[in-house]
Amino acid sequence: MAGVSSKNKAVGLVAAFAIFLLSMEIMVMHAESAISCGTVTSDMTPCVGYLTSGKGKPTPNCCGGVKKLAGLANTTPARRAVCGCLKQAYSQFPNANSAAVSGLPGACGVNLPFKISLQTNCNTIN
């Protein structure tokens, strides 16, 4: 009987360890995509004047927000989340100048791996 009991304990430990590893993976995956649209909107708020007029240059506060978002978008899930939030925010501003919107990262000296556009398919971003 002692052999069966030891075997059951070993199986239980292996199962517990497997559950622990799975939960850690889920937590890491969730953390990677934990960028809220509230954060994106907040970072982009200083850009509204430039994005609606399309004239001049974006303000330093605007570019600071763009640079912050580019820094947050450092994994595929994070880039997809930022893309989706930018599209959602863009759709709320029908008066936005599309050339200013798509050119904003470049105007701020930032390279985003996707174009800010309502037509961008965020699910294809890697």
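**Core, pocket and cavity of an all-helical predicted chain**

Leaving aside residues up to four places away in sequence, V66 is in contact with M44, C47, L104, P105, C108 and V110. These contacts belong to a predicted model, and V66 serves here as an entry point to its interior, since V66 is among the members of the largest nonpolar core that touch the most other members. That core holds 29 residues, and M44, L51, L86, L104 and F114 stand beside V66 in the group with the most contacts to other members. Two or more residues of this core come from each of α2, α3, α4, α5 and α6, and the greatest contribution is that of α5, which supplies seven residues.

The chain as a whole contains six helices and zero strands, so that, by the order of its elements from the N terminus, it reads α-α-α-α-α-α, a pattern that rests on DSSP runs. Of its 126 residues, 29% count as buried. The accessible surface amounts to about 7,900 Å², and carbon and sulfur atoms account for 61% of that area. When contacts between residues at least 6 apart in sequence are considered, 75% of them join residues at least 24 apart.

Empty space within the model was examined next. Rolling a probe the size of a water molecule over the atoms shows where empty space is left. A search of the whole structure yields one cavity of 30 Å³ or more, and the volume of the largest cavity is about 50 Å³. The lining of this cavity consists of M44, V66, L69, V82, L86, L104, P105, L112 and I116, with two or more residues coming from each of α4 (60-72), α5 and α6. By class, these lining residues comprise nine nonpolar, no polar and no charged residues. M44, V66, L86 and L104 thus appear both in the cavity lining and among the core residues that touch the most other members.

The largest pocket has a volume of about 250 Å³. It is lined by 15 residues, of which M44, L51, A89, Y90 and F93 are the closest to its centre. Two or more lining residues are given by each of α2 (37-44), α3 (48-53), α5 (76-91) and α6 (98-107). The pocket lining includes eleven nonpolar and four polar residues, with no charged residue. M44 is therefore found in the lining of the pocket as well as in that of the cavity, and V66 touches M44.

Two further residues illustrate the surroundings of α5 and α2. R79 is located in helix α5, and its relative accessibility of 14% places R79 in the buried class, because that class covers values under 20%. With residues up to four places away in sequence not counted, R79 touches A73, N74, P113, F114, I125 and N126; of these, F114 is also one of the core residues with the most contacts to other members.

C37, by contrast, lies in helix α2 and has a relative accessible area of 27%, so C37 is classed as partly exposed. C37 touches C85 and Q88, again not counting residues up to four places away in sequence. Between the C-alpha atoms of C37 and C83, two residues that lie 46 residues apart along the chain, the separation is 9.7 Å.

Definitions and conventions: Residues are numbered from 1 along each chain as its sequence is written. This is a predicted model: local features need pLDDT of at least 70, side-chain atom pairs count only at pLDDT 80 or more; totals for chains, interfaces and linings use all residues. Side-chain values use heavy atoms; hydrogens and water are left out. Helices (H or I, at least four residues) and strands (E, at least two) are DSSP runs, numbered from the N terminus. Buried means under 20% relative accessible area, exposed over 50%, partly exposed in between (1.4 Å probe, protein chains only). Contact means heavy atoms within 4.5 Å. Accessible areas come from the Shrake-Rupley method with a 1.4 Å probe; for residues, only the protein chains shown count as cover. On a 1 Å grid over the protein atoms alone, a cavity is a set of points where a 1.4 Å probe fits but cannot get out, and a pocket is an open set with protein on both sides within 12 Å along at least five of seven lines; lining residues have an atom within 4 Å of a point. Grid points are joined across faces, edges and corners, and a volume is the space filled by probe spheres set on the points. Ala, Val, Leu, Ile, Met, Phe, Trp, Tyr, Cys and Pro count as nonpolar, Asp, Glu, Lys and Arg as charged, and the others, Gly among them, as polar. A nonpolar core is a set of buried Ala, Val, Leu, Ile, Met, Phe, Trp, Tyr and Cys residues joined through side-chain atoms within 4.5 Å.
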